[in-house]
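Student: I should like to go through this protein model step by step, with each answer ending on the value or name requested. May we start with its internal spaces?

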Amino acid sequence: MSATPVYAETAPTELLVGCYTGAQCKGIGRYRFDPASGRIDPQPLETIETDNPSWLTVSPDGARAFAVNENGPASPDPVGRASSFALGRGAQRSQRLSQANTLGDDPAHAALSRDGRYLFVSNYSGAQSPGGSLAVLPVGADGRLGAAVQVLGHRASQADRERQLGPHVHAATQSPDGRYVFAADLGADKVYAYRYDPARSAERPLQAAPTPWLELPPASGPRHLLFSADGRHAWLTLEMSGEIVALDHADGRLTATQTLALDPGRRDGNAAAALHLSGDGRFLYVSNRGEDNHIAVYAVDPGDGRLRAVQRRASEGRGPREFALAPDGRFVVVANQHSGNLAVIARDPASGELGETVQTLPMVSPSDVKFVVAARP
């Protein structure tokens, strides 16, 4: 597992915050974050105007950002889109580079391929028919998005007659070795596995893997998948059942080894959401929304990837849709969508435990938060 990245306290650090747009929020807020105190400057450096940027992806060098525009039939702009931006630094303004149709409704997640050639966009689609899909958009060397070259659909499980009559692709995740892409489909109760092979076909870079899917329990609703740095283990949130699953991974095949309830005392009212590893890979953090609104903390066994419960910490709001660990691991910023606030919580890198609330900042319908560490002069 990887070592925790270390940044000098003077390294300029910024925070991107996406939201569901309306009269009070116009897009992505770019904020100054003080890595010494853990506080966010309430005055944004800028607002990058774009519709419903519910998920943000930052390039490895921090120079560009990609956002899904979670539009659908009920939105002022009824077309699902993805946008790319050249990020500004400090007083420098950001620039929109491109926008592309995702050929589906309500895109809720995007992942940049490890070689930087494609953006994998998950069209969730609130409608049951035709339902969600996985779209593959090429990314140019200049960061501009091209028209989708591949759109993949799945079959719904229909285990839950209200939420699973159609497929709902919630996230796509590439394995650390870059050979496979896994699509978690909440509506299908499956994680679909695809071999990534752009050399074979740049227009169809994804092909079904030899083991084409991992089947999860009916009405569990897989949401987001996360790999260990070495790719041997992975973890998956089950949104509808409020659980976290530990998995082994080998050559595109996922095998479940452990399932834990995020709130062991609650059978209903769960809505598992985000999950993130600490930089050293020793601890896993998972948010649970619904009636719970907590962050669950687990210690990760370095041998088999299984989890041991360490702590449950209130998220300081309702609907912790996403959160992010600060680059030095000493703070966690939580986006509480339904209560409309960001919460900064102190973290002990040694024990993994979350401590005092450092700051609570009002924020309209925050959907995602991403740290960007500016390059040193």
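Student: How much space lies in the second largest cavity?
Tutor: The model is a predicted one. The count of cavities of 30 Å³ or more comes to two. For the second largest cavity, the space amounts to about 40 Å³.

Student: Which element gives the most to the lining of the second largest cavity?
Tutor: The lining consists of Phe182, Val191, Ala193, Thr211, Trp213, Leu214, Gly252, Arg253 and Leu254. Two or more of these residues come from each of β15 (190-196), β16 (206-215) and β20. With three residues, the element that gives the most is β16.

Student: How many residues in the lining of the second largest cavity are nonpolar?
Tutor: The lining of the second largest cavity includes Phe182, Trp213 and Arg253. By class, one lining residue is charged, two are polar, and the nonpolar residues number six.

Student: Which element supplies the largest share of the lining of the second largest pocket?
Tutor: The second largest pocket holds about 200 Å³ of space. Its lining has 13 residues, and those nearest the centre are Gln24, Cys25, Tyr31, Thr47 and Met363. The elements giving two or more residues to this lining are β1 (13-19) and β2 (27-34). The largest share, four residues, comes from β2.

Student: How many residues in the lining of the second largest pocket are charged?
Tutor: The lining of this pocket comprises 13 residues. Eight of them are nonpolar and four are polar, and the number that are charged is one.

Student: Which strands are the edge strands of the open sheet β5-β6-β7-β8?
Tutor: Four strands form this sheet in the order given, with antiparallel pairing. The twist from one strand to the next averages 20 degrees. An edge strand here pairs on one side only, and the two that do so are β5 (53-58) and β8 (95-101).

Student: Which residue of β8 is the bridge partner of Ala82?
Tutor: Strand β7 spans residues 81-86 and pairs with β8 in the antiparallel sense over six bridges. The partner of Ala82 in β8 is Ala100.

Student: Where does the cis peptide bond from Ser129 to Pro130 place its proline?
Tutor: The bond from Ser129 to Pro130 is cis, with omega near 5 degrees. Pro130 lies in the loop between β10 (118-123) and β11 (133-138).

Student: What is the value of phi at Asp251?
Tutor: Asp251 sits in the loop between β19 (243-250) and β20 (253-261). The residue is not a glycine, yet its phi is positive, near 50 degrees.

Student: Is Asn293 buried or exposed?
Tutor: Asn293 belongs to the loop between β22 (283-288) and β23 (294-300). Its phi is near 60 degrees, a positive value in a residue other than glycine. The cut-off for a buried residue is under 20% relative accessible area. Because the relative accessibility of Asn293 is 13%, this residue counts as buried.

Student: What radius of gyration does the protein chain have, and how does this value stand against that of a compact globule?
Tutor: The chain has zero helices and 29 strands, and 58% of its 377 residues count as buried. Along the principal axes, its C-alpha atoms fill a box of roughly 50 × 45 × 40 Å. A compact globule with 377 residues would have a radius of gyration near 21 Å, so the value for this chain agrees with that expectation, at 19 Å.

Methods:
Residues numbered from 1 in each chain as written. Predicted model: local features only at pLDDT ≥ 70, side-chain atom pairs only at ≥ 80, totals over all residues. Heavy atoms only, no water. 1 Å grid on protein atoms, 1.4 Å probe; cavity = no way out; pocket = protein on both sides within 12 Å on 5 of 7 lines; lining within 4 Å. Points joined across faces, edges and corners; volume = space filled by probe spheres on them. Nonpolar A, V, L, I, M, F, W, Y, C, P; charged D, E, K, R; others polar. Pairing = 2+ DSSP bridges. Axes fitted to C-alpha atoms, helices over the stretch in contact; angles between N-to-C directions. Buried < 20%, exposed > 50% of the residue type's maximum accessible area, 1.4 Å probe, protein only. Rg over C-alpha atoms; globule rule 2.2 N^0.38 Å.
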